[in-house]
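These are my notebook entries from one sitting with a single chain. I went through helices, strands, core and pocket in the order in which they caught my eye.

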Amino acid sequence: MEKKIGKNDPCWCGSGNKYKFCHLSFDEKIEGFRRNGHKVPPRKIIKTPEQIAGIKESCKLNIAILDCVGERIKEGMSTEEINRIVHEKTLQLGGIPAPLNFNGFPKSVCTSVNSQVCHGIPSEEDILKNGDIINVDVSTIYNGYFSDSSRMYLIGDVSEEKKKLVEVTKECVEIGLQQVKPWGFLGDMGQAVNDHAKKNGYSVVREIGGHGVGLEFHEEPWVSYVSRKGREMLMVPGMIFTIEPMVNMGTNEIFIDEDDDWTVYTADGKPSAQWEIMVLVTEEGYELLCY
């Protein structure tokens with residue numbers, strides 16, 4: 001339960017308006033869902049217009065950094081070189097690489113190649129080869145606000161099998177995005193993602209999902225892509241979270257590298273793909289913030 005506010009008290013959102021003229025009816029609607037047994041968002045993850053504006057500026061940097069990677073990534077390049085590109089571009093734009101030293105992560109970006117599902121650590125020894133697919137996951141802090149998105153890149157002559165995996169994974173994100181709307185549920189999006197992946201013969205990683213983002217790197221809610229329609233947290237205007245399913249060509253089982261304690265691999269060694277976007281729930285539906 002959130003702290004009770006008097007109708008004539010200032011609204012919790014910081015607008016300066018009386019609660020009864022601001023978020024009272026909004027909160028009453030949320031409370032109705034809570035009483036019916038649904039998981040509802042806490043106030044702390046509902047962004048104000050000022051916060052949303054700041055997060056959007058951070059997103060602009062994140063997009064520009066991934067654009068820069070896309071222009072320069074090529075066969076024969078080490079993943080450490082990608083790390084240098086991201087680090088230098090982030091600083092040039094006035095940002096801070098969010099992954100660097102986050103819970104001990106040693107680099108400024110995650111680079112996950114082929115059977116690496118996520119959290120791959122850049123290295124001088126990992127050289128991109130003809131036929132590789134790679135996910136580059138960029139996260140940026142700008143003026144205290146966080147942004148986070150990732151893209152897949154195809155290196156040289158990629159097999160049709162891998163191309164399809166990358167394309168279908170992107171379709172999963174797009175299909176999930178269409179389910180983002182106020183007063184719906186995260187499970188609506190999660191099931192849409194999972195159904196499309198399974199229809200194409202793929203599996204979705206269960207243990208790792210998306211997350212809220214903006215004021216912190218990782219916030220509530222945790223976002224599953226193996227969830228069911230009508231379940232998980234209620235989506236309300238002002239929520240921001242990522243859609244980033246990890247889609248595997250084979251089994252959904254994974255393991256973490258014992259040596260670095262970060263890199264996640266598919267258990268069967270088959271390729272995995274991931275695209276990540278940031279989305280804002282609006283009064284009308286959604287707004288895509290970062291990609």
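Entry 1, the second largest pocket. Before anything else I noted that this is a predicted model. I then looked up which strands contribute to the pocket, and found that β4 (133-142), β7 (210-212) and β8 (219-223) each supply at least two residues of the lining of the second largest pocket. Of these contributions, that of β8, at three residues, is the largest share of the lining. For the space inside the second largest pocket I have a value of about 390 Å³; its lining numbers 25 residues, and F102, H119, H211, F217 and H218 are the closest to the centre. Sorting the lining by character, I recorded eleven nonpolar, eight polar and six charged residues.

Entry 2, strand β2. Which residues of β2 lie on each side, and are they buried or exposed? I found C110 and S112 on one side of the strand (residues 110-113), with T111 and V113 on the other, and all of them are buried, leaving both faces covered. I was reminded that side chains in a regular strand alternate between the two faces of the sheet. The pairing of β2 is with β4, antiparallel and over four bridges, and within β4 it is D137 that stands opposite C110. I also noted that β4 turns up again as one of the strands in the lining of the pocket from my opening entry.

Entry 3, strand β9. I asked the corresponding question of β9 (residues 240-243), where I240 and T242 on one side and F241 and I243 on the other are all buried, with both faces covered. Its antiparallel pairing with strand β14 (residues 277-281) runs over four bridges, and I240 has L280 of β14 opposite.

Entry 4, the largest nonpolar core. Which members touch the most others? Of the 39 residues in this core, they are V180, M189, F241 and I243. Looking up where the members come from, I found at least two residues each from α1, α4 (160-177), α5 (186-199), β9 and β14, with α4 giving the most, six residues.

Entry 5, helix α1. I checked the helix at residues 24-35 for regular length: its twelve residues reach 16 Å from the first C-alpha to the last, close to the 16 Å expected at 1.5 Å a residue. The buried residues in α1 are L24, F26, D27, I30, E31 and F33, a set that includes D27 and E31 alongside the hydrophobic side chains. After the helix comes G37, whose phi is positive, near 90°.

Entry 6, the three-stranded sheet. I traced an open sheet in the order β6-β10-β13, with antiparallel pairing. Its edges are β6 (203-204) and β13, each with a single partner strand, so one side of each has no neighbour in the sheet. Between β6 and strand β10 (residues 246-248) I found two bridges in the antiparallel sense, and V204 has V247 in β10 as its bridge partner.

Entry 7, residue E276. I located E276 in the loop between β13 (272-274) and β14. Why does E276 count as buried? Its relative accessibility is 1%, and the cut-off for buried is under 20%. Lastly, I looked up how E276 stands to T90, which is 186 residues apart from it along the chain, and found their C-alpha atoms separated by 18 Å.

Note on methods. Residues are numbered from 1 along each chain as its sequence is written. This is a predicted model: local features need pLDDT of at least 70, side-chain atom pairs count only at pLDDT 80 or more; totals for chains, interfaces and linings use all residues. Side-chain values use heavy atoms; hydrogens and water are left out. The expected span of a helix is 1.5 Å times one less than its number of residues. Buried means under 20% relative accessible area, exposed over 50%, partly exposed in between (1.4 Å probe, protein chains only). On a 1 Å grid over the protein atoms alone, a cavity is a set of points where a 1.4 Å probe fits but cannot get out, and a pocket is an open set with protein on both sides within 12 Å along at least five of seven lines; lining residues have an atom within 4 Å of a point. Grid points are joined across faces, edges and corners, and a volume is the space filled by probe spheres set on the points. Two strands pair if DSSP finds at least two bridges between them. A nonpolar core is a set of buried Ala, Val, Leu, Ile, Met, Phe, Trp, Tyr and Cys residues joined through side-chain atoms within 4.5 Å.
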